[in-house]
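Visitor: Please pick one part of this model and take me through it closely, starting from a single side chain and working outwards. I would like the cut-offs stated as you go.

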Amino acid sequence: MSLQNPLTETFAINNRINLYLLNALLPEHLADLASDNKGRNVGEQFAHIHNVRLMWLKASEPALLEGLTKIEKEQALDKAFLQQALQQSATAMEQLIEIGVATGKIKGFKPHATAFVGYLVAHESHHRGQIMLCLKQNGHLPDKKIQFGLWEWGVR
């Protein structure tokens, strides 16, 4: 699948990595918390990724929010709901990135669309790391195939 430009494709790969990790988890592991029992559980981390995407859509291109809704805390333990929401918000974000590439900017973000994609990937990767830590501390770390698969961007 080739998208219109490498920036959009990069974000799409990032989203597929998120979904790859989510798909590897047992539904009950979405409730895993860090060992200090503070912060977001695994499901809430995925929900946060989606909700931050919505925040950017609202600030930059509100029309792309059509049909998208924020994930509430009580919905964050529903694996199928998370999968669907993440895919829908990723599609909208890809449209936002396309607009940013075409216009040379993302409204509300500086300096440009390339930096915006870098920001998004860094933010979502940070939360993938937090998810992996929660899973590890709860004895639910995915197997090595999944762990290494998170880094196989050329095949995701």
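Guide: Let's start with E44, which counts as buried because its relative accessibility is 13% (buried is under 20% relative accessible area, exposed is over 50%, and partly exposed lies in between, with a 1.4 Å probe and protein chains only). Do keep in mind that this is a predicted model, in which local features need pLDDT of at least 70 and side-chain atom pairs count only at pLDDT 80 or more, while totals for chains, interfaces and linings use all residues. Residues are numbered from 1 along each chain as its sequence is written, and side-chain values use heavy atoms, with hydrogens and water left out.

What does the side chain of E44 meet? Its partner is K73, in a salt bridge with an N to O distance of 3.9 Å (the rule asks for a side-chain nitrogen of Lys or Arg within 4 Å of a carboxyl oxygen of Asp or Glu). The two residues are 29 apart along the chain and link distant parts of it: E44 belongs to helix 2 (residues 42–60), and K73 to the loop between helix 2 and helix 3 (79–103). Here a helix is a DSSP run of H or I with at least four residues, numbered from the N terminus. K73 is exposed, since its relative accessible area is 62%, whereas E44 is buried.

Helix 2 has a second charged residue to look at. The side chain of R53 meets that of E124 in a salt bridge, with 2.9 Å from N to O. This pair also joins distant parts of the chain, 71 residues apart, with R53 in helix 2 and E124 in helix 4. Both R53 and E124 are buried. In general, side chains of opposite charge can pair when their charged atoms come close.

How many salt bridges does the rule give? The count is three, and R156 with E152 is one of them, their closest N and O atoms lying 2.9 Å apart. R156 is partly exposed because its relative accessible area is 22%, and E152 is partly exposed at 37%.

Back to helix 2 as a whole. Of its 19 residues, 16 are buried, so helix 2 is largely enclosed by the rest of the structure. Its end C-alpha atoms are 28 Å apart, which agrees with the 27 Å that 19 residues should span at 1.5 Å a residue (the expected span is 1.5 Å times one less than the number of residues). At the start of helix 2, a side-chain oxygen of N41 comes within 3.1 Å of the backbone nitrogen of G43. The cut-off for such a polar contact is a pair of N or O atoms within 3.5 Å; within protein, one must be able to donate a hydrogen and the other to accept it, and residues adjacent in sequence count only if both atoms are side-chain atoms.

The chain leading into helix 2 has its own detail: N37, in the loop between helix 1 (6–24) and helix 2, has a positive phi of about 60 degrees although it is not a glycine. N37 counts as exposed because its relative accessibility is 58%. Helix 1, with 19 residues, reaches 27 Å from its first C-alpha to its last, close to the 27 Å expected. N5 caps the N-terminal end of helix 1, with a side-chain oxygen 2.9 Å from the backbone nitrogen of L7.

On the other side of the K73 loop comes helix 3, capped at its N-terminal end by D78, whose side-chain oxygen lies 3.3 Å from the backbone nitrogen of A80. The 25 residues of helix 3 should span 36 Å, and its end C-alpha atoms are 36 Å apart, which agrees. Within helix 3 sits S89, which is buried because its relative accessible area is 0%. The side chain of S89 reaches the backbone oxygen of L86 at 3.3 Å. After helix 3 comes G104, with a positive phi near 85 degrees.

On the way to helix 4, K110 and P111 are joined by a cis peptide bond, with omega about 10 degrees; P111 lies in the loop between helix 3 and helix 4. For context, most residues other than glycine have a negative phi, and most peptide bonds are trans.
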